Amino acid sequence: QARPKTPGGGPEWNERQAVIRTGGASRRMAADKANIEVRGVPMGLRIARELSAADWPVLVLGNQPLEEFPFQADAEQHQGPLAALREFAPEGKIVFVVSCDIPLFRSSVAEALSQSLLEADAAVPVIGGRPQYLCSAYRSTCFEVRRANPGLQRMEEWLGLLKARWIDEARLRELGIDPDWARGANTPEQLRALLEKADATQDLG
């Protein structure tokens, strides 16, 4: 018997996986971003629950677990996301990688980006002129490229070896995605601005 498809024509639930990064040093935020509460729920846990509710199997990858979800600890702390992803072995054909510092995140971002892969290896939103590598959809083969190139230091070096599809803000809106749903908050000021905007528009995913 065929397994059910996910809403919107995305990949089947058993062919995909979500990875949440909690390994950042959070120096500019001056607090552990995963534990900062958004409407009474720690931000990392809120993102994990949002994805899980949309049938994305969730793995937490970093230096801090999130209750309720499987956890893989970083081999070395504070070495950046690319170092952590070197040890990651995907369980799905499509992997959505997301950081724990996106306060307005919605699971529809993961759905839209996974459907936007087409023939590409990765679908990466570009917000404010900056690629959001830690809010992107990747094929599992991307992680084979990562393991085959252990000397890579930065995410952009890894993407340079992949066939990436860059999704700008106009295209995100065409897909029904508010760019703020994929926008991270690295400072208290950025977090406050996003939450104030959400309050003003009554939009908190």
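Leaving aside its neighbours within four places in sequence, which residues is Ile 20 in contact with? In this predicted model, where residues are numbered from 1 along each chain as its sequence is written, local features need pLDDT of at least 70 and side-chain atom pairs count only at pLDDT 80 or more, while totals for chains, interfaces and linings use all residues. Side-chain values use heavy atoms, with hydrogens and water left out.

With those sequence neighbours set aside, Ile 20 is in contact (heavy atoms within 4.5 Å) with Gly 44, Ile 47, Ala 48, Leu 51, Val 58, Leu 59, Val 60, Leu 61, Leu 66, Val 98 and Cys 100. Of these partners, Cys 100 counts as buried at 7% relative accessibility, where buried means under 20% relative accessible area, exposed over 50%, and partly exposed in between, with a 1.4 Å probe and protein chains only.

Ile 20 also belongs to the largest nonpolar core, which has 42 residues, and is listed there with Leu 51, Phe 96, Val 98, Phe 105 and Val 109 as having the most contacts inside it; such a core is a set of buried Ala, Val, Leu, Ile, Met, Phe, Trp, Tyr and Cys residues joined through side-chain atoms within 4.5 Å. Among the elements that each supply at least two residues of this core are β1 (16–21), α1 (43–53), β6 (94–99) and α7 (188–201), helices (H or I, at least four residues) and strands (E, at least two) being DSSP runs numbered from the N terminus. The largest share, five residues, comes from α1. A second, separate core of 20 residues includes Phe 88, Ala 122, Val 124 and Leu 162.

Turning to charged side chains, a search of the whole structure finds 11 salt bridges, each a side-chain nitrogen of Lys or Arg within 4 Å of a carboxyl oxygen of Asp or Glu. One of them joins Glu 15 to Lys 93, with the closest N and O atoms 3.7 Å apart, and this pair links distant parts of the chain, since Glu 15 is in the segment before β1 and Lys 93 in the loop between α2 (81–85) and β6, 78 residues apart. Glu 15 is partly exposed at 26% relative accessibility, whereas Lys 93 is exposed at 54%.

Another salt bridge brings together the side chains of Glu 68 and Arg 49, at 2.5 Å from N to O; Glu 68 lies in the loop between β4 and β5 (71–73) and Arg 49 in helix α1, so the pair ties together parts that are 19 residues apart in sequence.
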